[in-house]
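User: I am new to this structure. Please take a close look at the place where the ligand sits, and walk me through what surrounds it.

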Amino acid sequence: MTVEIERYRPEALVETVSMWRASKRSAFPYVAVIQQYTLEDDLGYFRDSVVAKCEVWLARREGRVVGMLALNGGLIDQLFVAVEAQGTGVGTALLRKAIDRSPEGLVLFTFRKNRPARAFYEKYGFRIVRFGVSAPPEREPDVEYRWTPKRDREAG
Ligand SMILES: CC(C)(COP(=O)(O)OP(=O)(O)OC[C@H]1O[C@@H](n2cnc3c(N)ncnc32)[C@H](O)[C@@H]1OP(=O)(O)O)[C@@H](O)C(=O)NCCC(=O)NCCS
């Protein structure tokens, strides 16, 4: 089934945040604050912080929002696939869009415990830069990853 990648538009706010909220709640059962945010909190954060700072792209399949990428320059601020669509190529399609928009390189932070996402990024050539701790309120051990185009990696 094909995936279409399109720019986020405000009409898609509620559908996008519903998908994102379910995906992050499912991916991060061990982060109490993420589980505690209300739908209103998530709507407000997405609209006033993610959309305000980032270029946001949606993945749609049969018209439904099945994934979301938020890019802040070369920083992948958010990459989330709908729970029921994970493992079907949606994340790959969104990552291709990120590379297309920032061909000189990408950086991201993910929780150290997020093994599935770390396996996904490592499959596509992301390399660990450093381990740290995420900003409050989460304060979770995290890991910074960087991707550079092959020519740079080969050069040095
Ligand atoms: C991590 C995530 C973005 C990956 O997107 P996806 O659409 O599920 O991944 P794809 O179907 O494109 O997978 C591509 C490849 O990545 C690897 N991969 C994907 N999910 C994986 C998992 N759970 N475990 C190990 N490898 C995985 C596989 O090698 C896969 O290739 P294959 O299907 O040929 O085996 C998605 O699963 C997701 O949104 N997870 C929850 C939220 C999250 O953790 N986001 C990242 C926050 S930084």
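Analyst: Start with the site itself. In this predicted model, the ligand occupies the largest pocket. Several elements build the shell around the ligand. Those giving two or more residues are α1 (13-27), β4 (75-81), α4 (90-101) and α5 (115-123). The largest share comes from α5, with six residues.

Now the residues. The ligand has 21 residues around it. Nearest are Val81, Gly89, Gly91, Thr92 and Asn114.

Next, the polar contacts. A polar backbone atom of glycine 89 lies 2.7 Å from an oxygen atom of the ligand. Glycine 87 also offers a polar backbone atom, 2.8 Å from a ligand oxygen. Lysine 123 uses its side chain: an N or O atom there is 3.5 Å from an oxygen atom of the ligand. How much of the ligand does the protein bury? Taken alone, the ligand exposes 910 Å², and the protein buries 71% of that.

One more residue deserves a look, serine 134. Serine 134 is in the loop between β6 (127-133) and β7 (141-147). Is serine 134 buried or exposed? Its relative accessibility is 13%, so serine 134 counts as buried, the cut-off being under 20%. A polar atom of the serine 134 side chain lies 3.4 Å from the backbone nitrogen of arginine 139. Leaving aside neighbours within four places in sequence, serine 134 is in contact with Phe111, Arg139, Glu140 and Asp142.

Definitions and conventions: Residues numbered from 1 in each chain as written. Predicted model: local features only at pLDDT ≥ 70, side-chain atom pairs only at ≥ 80, totals over all residues. Heavy atoms only, no water. Helix = DSSP H or I, 4+ residues; strand = E, 2+ residues; numbered from the N terminus. Buried < 20%, exposed > 50% of the residue type's maximum accessible area, 1.4 Å probe, protein only. Polar contact = N/O pair within 3.5 Å; in protein donor to acceptor, adjacent residues only side chain to side chain. Contact = heavy atoms within 4.5 Å. Near = heavy atom within 4 Å. Areas by Shrake-Rupley, 256 points an atom, 1.4 Å probe, with all protein chains shown as cover. 1 Å grid on protein atoms, 1.4 Å probe; cavity = no way out; pocket = protein on both sides within 12 Å on 5 of 7 lines; lining within 4 Å. Sits in = over half its atoms within 2 Å of the grid points.
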